Amino acid sequence: MSHNRTPYVTPHILHKHYAQAYDAEVSTLIGRELEYFSQAGFDMDRIQIKRNAPPAVLYEDAIRNEGAVVSSSGALINFSGKKTGRSPKDKRIVYEETSKDEIWWGSVNIKMDEHTFEINRERAIDYLNTRDNVYVFDGYAGWDPKYRIKVRVICARAYHALFMNNMLIRPTEEELQNFGDPDFIIYNAGQFPANRFTKGMSSTTSVEINFKRMEMVILGTEYAGEMKKGVFSVMHYLQPVKFGQLSLHSSANVGEAGDVTLFFGLSGTGKTTLSADPRRKLIGDDEHVWSDDGVFNIEGGCYAKCINLSAEKEPEIFSAIRFGSVLENVVYNPLTRVPDYDDASITENTRCAYPIEFIPNAQIPCFVASQPKNIIMLTCDAFGVLPPVSKLTPEQASYHFLAGYTSKTPGTEDGVLEPIPTFSTCYSAPFIVLHPGRYAEMLAERMAKNNVDCWLINTGWTGGKFGTGKRCPLKYTRRIVDAVHSGELAKAEYETFGVFNLQVPTALDGVPRELLNPRHAWANTEAFEREVRKLAGMFQKAFALYESDVEEKVRLAGPQV
């Protein structure tokens, strides 16, 4: 089957000494006031600019100019070219006086000097100014008008414009007329490479954010997810720093009684699946702010994984893939235009972006004026030692939030049989902007003030690690989540699960007794004890990074070997 791809291909540079490698020493220009700031401006008065164009117009342009295809269900299939995922190593934050003391500098937030930013910014704007088709989308990030920001996206691909039309909050006709100046601008010149002779460029890809200018520049990657995560990074900075509110990488839903639950969890832990609950309304699937007034979604849409998607497993997502939705890097049958969600030949990371209104039980507007009642931290433990559900103390909640543990199952093809542990602080390491301790402190304060219950739910293995045990059946996990919402689990009796010192329910209707305490589920007690100690050691090693910044009681809330 032929894969139809974008006509545009980033040129490969073959000469191995073509450009310097990214040098670790910080440029002398960092932090120095630049006397001259680039005056390159994007010309908003151009005739052929398309501002907030309707999906039908963007479909026509994407099909005409970008090799896009309409799928059998009416979604637009697009291809992002060479890059089919985020490029975290090419992400930079500008080191400047207004934000330099707030940012958690390191491998996630790599410094870039203002001068280099200006070079790349001018390069992006010059490129956009030469295009025949330029798209502008003006929208909002944040459903609560009190805390929202105005975002302008300027790009040269109709696919990118439609993607952000789905992912940002779409303004009404009247709001668009009175939009005024944006608070944040994204210059997406992703089809054009960064110049690798520019100091600090590690490749032809560059994704950079400047908090002083409140701008983002994208060069050398056409993967649309960079824009979505750019908006989240800005909210992850502004909400705590400017508004004093807590931004979170989480999904959220609300029951009929107005009880809100927040779900934290890394990729593959079941965050999207478990928050899509027919008995509850979905506030959002990925990015939220827990404010003094309640909980609101940052986004106007969902960006769902499509690999192995089926109508049986995830009916809401499956039926949201219709006219107006964007399918990204999905292989399709060229005769019938039916997407093949099981085909990972372009990438494992196939995606669909659709407006949140496409989910039948979405809470619109995506804002609930009540404080959360429950927090669920999801982990997929392939070592098979963490209980399917445990009730956390406030200190344990802080500890597990900072640790952000899950594990990846080993790939069968390379002969690795050991699960791979992943510790992603605040369940959002790649997007974290401030020191993790700041988010954890705000979370602990809000939980204490509102008396929120916190649960650690393991959707991973039971009765043995990956290879010998089996994955905890989804029906039991759903039953556990229902019991959290109904208040059953809050009233249950508990026993202590050693080493991790977790409180585990002794019984729950509809869930087998031996499943609730992993010690009973394993046939080989000795092997179980060995795996528990091994995982506890991994936790201690990962947590060492934050030990100096947290209180003694949080340090002691982790596993004790």
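This section describes strand pairing, the surroundings of Glu-215, and the internal and open spaces of a predicted model.

Strand β8 spans residues 184–189, and 6 of its 6 residues are buried, so the strand is largely enclosed by the rest of the structure. In a regular strand, side chains alternate between the two faces of the sheet. For β8, one side carries Phe-184, Ile-186 and Asn-188, the other carries Ile-185, Tyr-187 and Ala-189, and both faces are covered, with all of these residues buried. Strand β7 (residues 149–155) pairs with β8 in the parallel sense over 5 bridges. Within this pairing, Asn-188 of β8 stands opposite Cys-155. Strand β10 also pairs with β8, again in the parallel sense and over 5 bridges. Here the bridge partner of Tyr-187 is Val-217 in β10.

Glu-215 lies in β10, which covers residues 215–219. Its relative accessibility is 5%, and Glu-215 therefore counts as buried, the cut-off for this class being under 20%. A polar contact of 2.6 Å links the side chain of Glu-215 to the side chain of Arg-121. When neighbours within four places in sequence are left aside, the residues in contact with Glu-215 are Phe-117, Arg-121, Phe-184, Ile-185, Tyr-187, Glu-208, Ile-209 and Asn-210. Of these contacts, Phe-184, Ile-185 and Tyr-187 are also among the buried residues of β8.

A separate group of 5 strands forms an open sheet with mixed pairing, in the order β2-β3-β18-β19-β17. Its edge strands, each pairing on one side only, are β2 (69–70) and β17 (301–305). Strand β17 is joined by 5 bridges to β19 (residues 351–355), and the two run antiparallel. One bridge pair in this arrangement consists of Lys-305 and its partner Arg-351 in β19.

The search of the whole structure for enclosed space finds 5 cavities of 30 Å³ or more. The largest cavity holds about 80 Å³ of space. Its lining consists of Thr-272, Ser-275, Ala-276, Asp-277, Leu-282, Asp-285, Cys-302, Glu-316, Ile-317, Tyr-354, Ile-359 and Asn-361. Helices α6 (271–275) and α7 (315–320) each supply at least two residues of this lining. The edge strand β17 spans 301–305, and Cys-302 in that range is one of the lining residues of the largest cavity. Tyr-354, also in the lining, falls within the residue range 351–355 of β19. By class, the lining of the largest cavity comprises 6 nonpolar, 3 polar and 3 charged residues.

The largest pocket contains about 2000 Å³ of space. It is lined by 49 residues, and those nearest its centre are Leu-266, Ser-267, Gly-268, Thr-269 and Lys-305. Two or more lining residues come from each of α5 (225–243), α6, β17, β23 (405–408), β24 (420–423) and α10 (474–486). The most is given by α6, with 4 residues. The lining of the largest pocket divides into 17 nonpolar, 19 polar and 13 charged residues.

Some elements recur across these descriptions. Helix α6 supplies at least two residues to the lining of the largest cavity and gives 4 residues to that of the largest pocket. Lys-305 is both the bridge partner of Arg-351 and one of the residues nearest the centre of the largest pocket.

Technical notes. Residues are numbered from 1 along each chain as its sequence is written. This is a predicted model: local features need pLDDT of at least 70, side-chain atom pairs count only at pLDDT 80 or more; totals for chains, interfaces and linings use all residues. Side-chain values use heavy atoms; hydrogens and water are left out. Buried means under 20% relative accessible area, exposed over 50%, partly exposed in between (1.4 Å probe, protein chains only). A polar contact is a pair of N or O atoms within 3.5 Å; within protein, one must be able to donate a hydrogen and the other to accept it, and residues adjacent in sequence count only if both atoms are side-chain atoms. Contact means heavy atoms within 4.5 Å. Two strands pair if DSSP finds at least two bridges between them. On a 1 Å grid over the protein atoms alone, a cavity is a set of points where a 1.4 Å probe fits but cannot get out, and a pocket is an open set with protein on both sides within 12 Å along at least five of seven lines; lining residues have an atom within 4 Å of a point. Grid points are joined across faces, edges and corners, and a volume is the space filled by probe spheres set on the points. Ala, Val, Leu, Ile, Met, Phe, Trp, Tyr, Cys and Pro count as nonpolar, Asp, Glu, Lys and Arg as charged, and the others, Gly among them, as polar.
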